[in-house]
Amino acid sequence: MPRKSPLVIGHRGAPGYRPEHSRSSYELALAMGVDAVEPDVVATKDGILVIRHENEISGTTDVEDHPEFADRKTTKRIDGQPLTGWFTEDFTWDELATLRVRERLPEVRPSSASFDDAQPVLRLVDLLDLVRAGSSEHGREIGVVLEVKHATYFASMGLDLAPLIARDLRAAGWADGQLPLMIESFESTILAQLREEGIAASYIYLIEATGRPYDQLVAHGRQAATYKATVTPRGLDGLVGRVDGISVNKRMLLARGNTIVEDAHARGLKVFTWTARPENAFLAAEFRGEGGRQAYGDYESEWAVIARSGIDGVFVDHPDLGVAFFRS
């Protein structure tokens with residue numbers, strides 16, 4: 001990755017201004033000066049990797065407006081939780097290509113929602129080509145932070161994501177280390193599998209503030225380590241040599257007295273955090289202001305706490321604000 005600190009990463013592009021994971025969202029993020037962008041990948045039934053926040057797509061596409069797909073609506077258990085909607089693994093890529101993307105949080109981001117229904121779903125290979133072209137256009141090296149979603153779930157239905165991801169990274173010229181690539185997941189199993197595939201990348205373990213990783217829960221039940229245990233000194237010891245860093249929920253860094261960054265750095269691990277957003281809806285309570293959920297609160301004070309922790313990278317929804325703040 002470019003040697004700046006912290007890296008400013010466009011979380012799903014620039015979703016503060018355009019529907020997340022849309023072409024215009026990524027193009028805007030690149031133009032606003034990010035060091036990298038972060039796509040989420042899920043799979044179709046015919047093994048095509050697409051860029052969506054989740055495999056359930058009713059909130060991020062116009063699928064509900066397509067009567068030909070009405071009978072695809074169903075209820076599934078995703079990572080142990082029941083969820084009703086339309087799922088990418090029940091569609092071929094040709095079918096998904098007929099859909100158009102929508103803002104996931106229209107009540108918070110109505111301006112972004114004004115761009116609904118104008119752009120198609122992207123494949124992973126489309127995004128990789130877009131970033132490569134954007135690097136040339138803007139005259140700087142721009143990276144990709146690829147988040148793998150629900151790998152254990154997809155594997156349970158015969159869609160192993162590691163070979164699919166390796167296939168697309170190799171086809172697009174992103175697998176051999178010549179272009180800046182990070183791969184991240186809440187499941188360490190898929191990270192190990194991609195290492196075994198020979199993909200040259202930095203591997204980052206995503207850490208939630210609560211709960212357990214689903215792959216470990218399936219393998220070990222309630223004996224699986226919690227996410228919180230993973231960021232203790234003993235837990236971090238167990239990550240050395242397996243991953244290159246961690247990416248933690250920002251709430252963990254806002255907690256008083258935490259030593260996560262210090263402890264990780266002492267073990268040679270990078271630390272990233274997600275997600276820096278200015279709206280009241282996403283700020284810690286002490287930084288919220290007037291004007292309701294969509295109004296900007298005192299985000300600069302919250303971000304200052306994050307910056308002082310010494311992080312190596314931060315995911316942002318508003319790249320212009322992120323670049324201005326974390327580069328100042």
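A nonpolar core is taken here as a set of buried Ala, Val, Leu, Ile, Met, Phe, Trp, Tyr and Cys residues joined through side-chain atoms within 4.5 Å. All views show a predicted model.

**View A. The largest nonpolar core and the helix that gives the most to it.** In this model the largest nonpolar core has 90 residues, and those with the most contacts inside it are L161, L169 and I246. Helix α6, which spans residues 161-171, gives the most to this core, contributing 6 residues. Apart from this core lies another one of 10 residues, and L7, I9, I204 and L206 are among them.

**View B. The surroundings of L169.** When neighbours within four places in sequence are left aside, L169 is in contact with L128, L146, W174, A175, L181, I183 and I199. L169 is also one of the residues with the most contacts inside the largest nonpolar core.

**View C. Helix α13 and the elements it packs against.** Helix α13 covers residues 299-308, and its buried residues are Y299, E302, W303, A304 and I306. These buried residues pack against α11 (250-254), β11 (270-276) and α14 (319-326). After the helix comes G310, whose phi is positive, near 90°.

**View D. The hairpin of strands β5 and β6.** Strand β5 (residues 74-78) and strand β6 (residues 81-85) run antiparallel and are joined by 5 bridges. Within this pairing, T75 has T84 in β6 as its bridge partner. The two strands form a hairpin with 2 residues between them, and D79 in the turn has a positive phi of about 50°.

Terms used. Residues numbered from 1 in each chain as written. Predicted model: local features only at pLDDT ≥ 70, side-chain atom pairs only at ≥ 80, totals over all residues. Heavy atoms only, no water. Buried < 20%, exposed > 50% of the residue type's maximum accessible area, 1.4 Å probe, protein only. Helix = DSSP H or I, 4+ residues; strand = E, 2+ residues; numbered from the N terminus. Contact = heavy atoms within 4.5 Å. Pairing = 2+ DSSP bridges.
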